[in-house]
Amino acid sequence: MTVTIGPLSLASPVILAPMAGVTNMAFRMLCRELEEEKCGTVSGLYVCEMVTARALVEGNEKTRAMTRFHPAEKPRSLQLYTTDPRFTAEAVRMIAAEDLADHVDLNFGCPVPKVTRRGGGSAIPFKRRLYRNIVAAAVRAARPAGIPVTVKFRIGIDEEHHTHLDAGRIAAQEGASAVTLHARTAAQRYSGEARWAEIARLKEHLADTGVPVLGNGDIFGAHDARAMLDATGCDGVEVGRGCLGRPWLFAELSAELRGEPIPPEPTFGEVATIIMRHARWLTQLEGEAHGCRSLRKHIGWYLRGFPVGGQLRGQLARTSSLAELDGLLSPFYGSQARAADAWGPRGRQGSPAKVALPEGWLDDPEDETVPVGAEIEANGG
């Protein structure tokens, strides 16, 4: 099963969702390597961390560093957070002129209060004209370079304000090459179950456009990806939290969707070696001290379901050098233990909550005024 996004053809319709502080070059390369080792090929699309359009245009060093790709990464996929058509166009023109990426995705799905209260992220699709202007600006700026632009959004702000059908139609009309629906409202955040039926509705709604629809939400294993495709008719899946501590998940998804045998879940010994590989990639990207600190957030995800005591977990989460990490893990490199609970929700979950919005945001869905301060507030994802 393949999917085509503009000029890009993916051998398997699997996409790594951008996650702040997670999907840097180190994690993407680890996922790619494990897919190639287990399946003999790299067939999906691995998206970098979300970056802010205005910060990119203004030369923010942290933002620019987040756009770093390894030479082996092809195609290179970059997600922009944006609220302003002008900065959107400037950022996309920069991406094209400097050959920073081969694909641009626009983020209209972020439900974080610090973002929505300024009118960014999942708040924007409610403002139909503003949303249209941003998508149109990106597509126009990308077209001369042949860079496909895709759009990601949620079902809506809350149960009273669904916007996904309009958002999909507008994106198609303005030339987006694909759309992705995270099948929750912003009010749901990451709680409860994703509503795959809404992905099916969007797919049916856009059937006459030919624009691919990708589904996102509650993909924790190869069986979930197959189930989503069968239930919704969508053209591909995007995976976020399900791969936390499981960078080998993309090999399993790729195999399932290409009709090949699914690689077995790794033993604890194999996971221990993967942790070391991740640490080495982070060290190459950030330096040893900072790389080991960055690894700490991943340790709990990697160890989920394994018979590992609290003392070792704590020690692993405090390592500050590769030698120290290797010393802690080396006794387990031959372990054949397997995780008791390899699947299920990971990372952020929380509870539903009222969406923080600018005062009067819901008064006029046709208002195209650019929200003030939203670009700067969300810098770095």
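The following exercises, each with a worked solution, concern a predicted model.

**Exercise 1.** Determine which residues UniProt assigns to the feature "domain: DUS-like FMN-binding", and describe the secondary structure of that stretch.

*Solution.* The UniProt record, an unreviewed entry, places this feature at residues 15-324. Over residues 15-324 the chain is 46% helix and 13% strand. The C-alpha atoms at the two ends of the stretch are 34 Å apart.

**Exercise 2.** Decide whether helices H11 and H12 are roughly parallel or roughly antiparallel, and describe their contact.

*Solution.* Begin with the positions: H11 covers residues 268-286, and H12 covers residues 288-303. Their axes come within 8 Å and cross at roughly 150 degrees. Angles over 145 degrees count as roughly antiparallel, and H11 and H12 are therefore roughly antiparallel to each other. The crossing of H11 past H12 is right-handed. Next, consider the residues that meet. Those of H11 include Phe268, Val271, Ile274 and Leu282, while those of H12 include Gly291, Leu295, Ile299 and Tyr302. Sorted by class, the contact of H11 with H12 has ten nonpolar, six polar and two charged residues.

**Exercise 3.** Classify the ring pair formed by Phe268 and Phe306, and locate both residues along the chain.

*Solution.* The count of aromatic pairs comes to four. For Phe268 and Phe306, the ring centres are 5.0 Å apart, and the cut-off for a pair is 6.5 Å. The ring planes stand at 40 degrees, so the pair is tilted. Phe268 belongs to helix H11, whereas Phe306 is in the loop between H12 and helix H13 (310-316). With their positions 38 residues apart, the pair links distant parts of the chain.

**Exercise 4.** Describe how helices H6 and H7 pack, and name the residues that make the contact.

*Solution.* H6 spans residues 128-142 and H7 spans residues 164-173. Their axes are 9 Å apart, at an angle of about 35 degrees. The crossing of H6 and H7 is right-handed. On the H6 side, the contact is made by Arg128, Tyr131, Arg132 and Val135. On the H7 side, Asp166, Ala167, Ile170, Ala171 and Gln173 take part. By class, the contact of H6 with H7 has five nonpolar, one polar and three charged residues.

**Exercise 5.** Examine the backbone at Pro75 and at Asp99, and state where each residue lies.

*Solution.* Lys74 and Pro75 are joined by a cis peptide bond, with omega about -5 degrees. Pro75 is in the loop between helix H3 (61-66) and strand S6 (77-81). Asp99 is not a glycine, yet its phi is positive, about 50 degrees. Asp99 lies in the loop between helix H4 (85-97) and strand S7 (103-108).

Conventions:
Residues numbered from 1 in each chain as written. Predicted model: local features only at pLDDT ≥ 70, side-chain atom pairs only at ≥ 80, totals over all residues. Heavy atoms only, no water. UniProt positions renumbered as here; feature names shortened; annotations may be inferred. Helix = DSSP H or I, 4+ residues; strand = E, 2+ residues; numbered from the N terminus. Axes fitted to C-alpha atoms, helices over the stretch in contact; angles between N-to-C directions. Parallel < 35°, antiparallel > 145°, perpendicular 65-115°, else oblique. Left-handed = near helix turned anticlockwise from the far one by under 90°. Contact = heavy atoms within 4.5 Å. Nonpolar A, V, L, I, M, F, W, Y, C, P; charged D, E, K, R; others polar. Phe/Tyr/Trp six-rings, centres within 6.5 Å; stacked < 30°, edge-to-face > 60°.
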